[in-house]
Amino acid sequence: MMFFIFFFFILFISNVIQGITGFAGTLLAMPFLLYLMDIEPAKEILNFVGLIGSLVIVYNNHQYINFSHVRRIIFFMMIGMVTGIVSYSYLSMKLLMIIFSTFLLFTSVHGLVKVFQKKVKTKQVEMSIKGNTILLLGGFFHGMFLSGGPLLVMFASDYIPEKRQFRATLSCVWVILNGFYLLQSLLNKNISVEV
């Protein structure tokens, strides 16, 4: 009984935050769910819940979606995501946990630094190369751990300043990426009756 109370509490809190911001639900829930279950069922459950939450946001805010950004984001993140999914199947669980922990630490420190850092204008070409690299890495970590949100936010905060457009556009991206992840999970028979 306590398992289900903690399980639903973690999902509820992380998805309230996801609903407000348009990102971070899976990233916040994953470390806590790993105390309750293995990474595989945690990924499948979080992907499905994230997909449903993002669908609701897209349905209610579709008029604010910036489709030119969605196309660019999907192109680069999908390349990274496929690479992440393939890499995940070849790496040991110990190494995966080290990579995930390092990623969480990096994104946390980067977020804190950015809060206190002054905004510096960079050249458009530099922004484009930096943005595309961030999207590739975001896709890679989303393919491995369903946690590409912080990197997508790094990109989107530079390119999508308006709050409603930011939230709707990111939610549209999650619908596409999480839908793809769900499809490949179904094809690979990763979703058990228990999940």
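The exercises below, each with a worked solution, concern a predicted model of a single chain.

**Exercise 1.** Determine which secondary-structure elements the chain contains, and assess how its radius of gyration stands against the globule rule.

*Solution.* Counting the elements first, one finds eight helices and zero strands, so that the order read from the N terminus is α-α-α-α-α-α-α-α. The radius of gyration of the chain is 16 Å, and because this is close to the 16 Å that the globule rule gives for 195 residues, the chain is as compact as a globular protein of that length. For the extents, the C-alpha trace spans about 50 × 40 × 35 Å along its principal axes.

**Exercise 2.** Describe the burial, the contacts and the charges of the chain.

*Solution.* Beginning with burial, 43% of the 195 residues count as buried, while the accessible surface comes to about 11,200 Å², with 72% of it belonging to carbon and sulfur atoms. Turning to contacts between residues at least 6 apart in sequence, 79% join residues at least 24 apart. As for charge, there are 14 positive and 7 negative side chains, and the centres of these two sets lie 13 Å apart.

**Exercise 3.** Locate N66 and decide whether N66 is buried or exposed.

*Solution.* N66 lies in the loop between α3 (39-61) and α4 (67-90). Its relative accessible area is 18%, and since buried means under 20%, N66 is buried. The side chain of N66 reaches the backbone nitrogen of H69 at 3.1 Å. Once neighbours within four places in sequence are left aside, N66 is in contact with Q165 and T169.

Notes. Residues numbered from 1 in each chain as written. Predicted model: local features only at pLDDT ≥ 70, side-chain atom pairs only at ≥ 80, totals over all residues. Heavy atoms only, no water. Helix = DSSP H or I, 4+ residues; strand = E, 2+ residues; numbered from the N terminus. Rg over C-alpha atoms; globule rule 2.2 N^0.38 Å. Buried < 20%, exposed > 50% of the residue type's maximum accessible area, 1.4 Å probe, protein only. Contact = heavy atoms within 4.5 Å. Areas by Shrake-Rupley, 256 points an atom, 1.4 Å probe, with all protein chains shown as cover. Lys, Arg positive; Asp, Glu negative; His and termini not counted. Charge placed at Lys NZ, Arg CZ, Asp CG, Glu CD. Polar contact = N/O pair within 3.5 Å; in protein donor to acceptor, adjacent residues only side chain to side chain.
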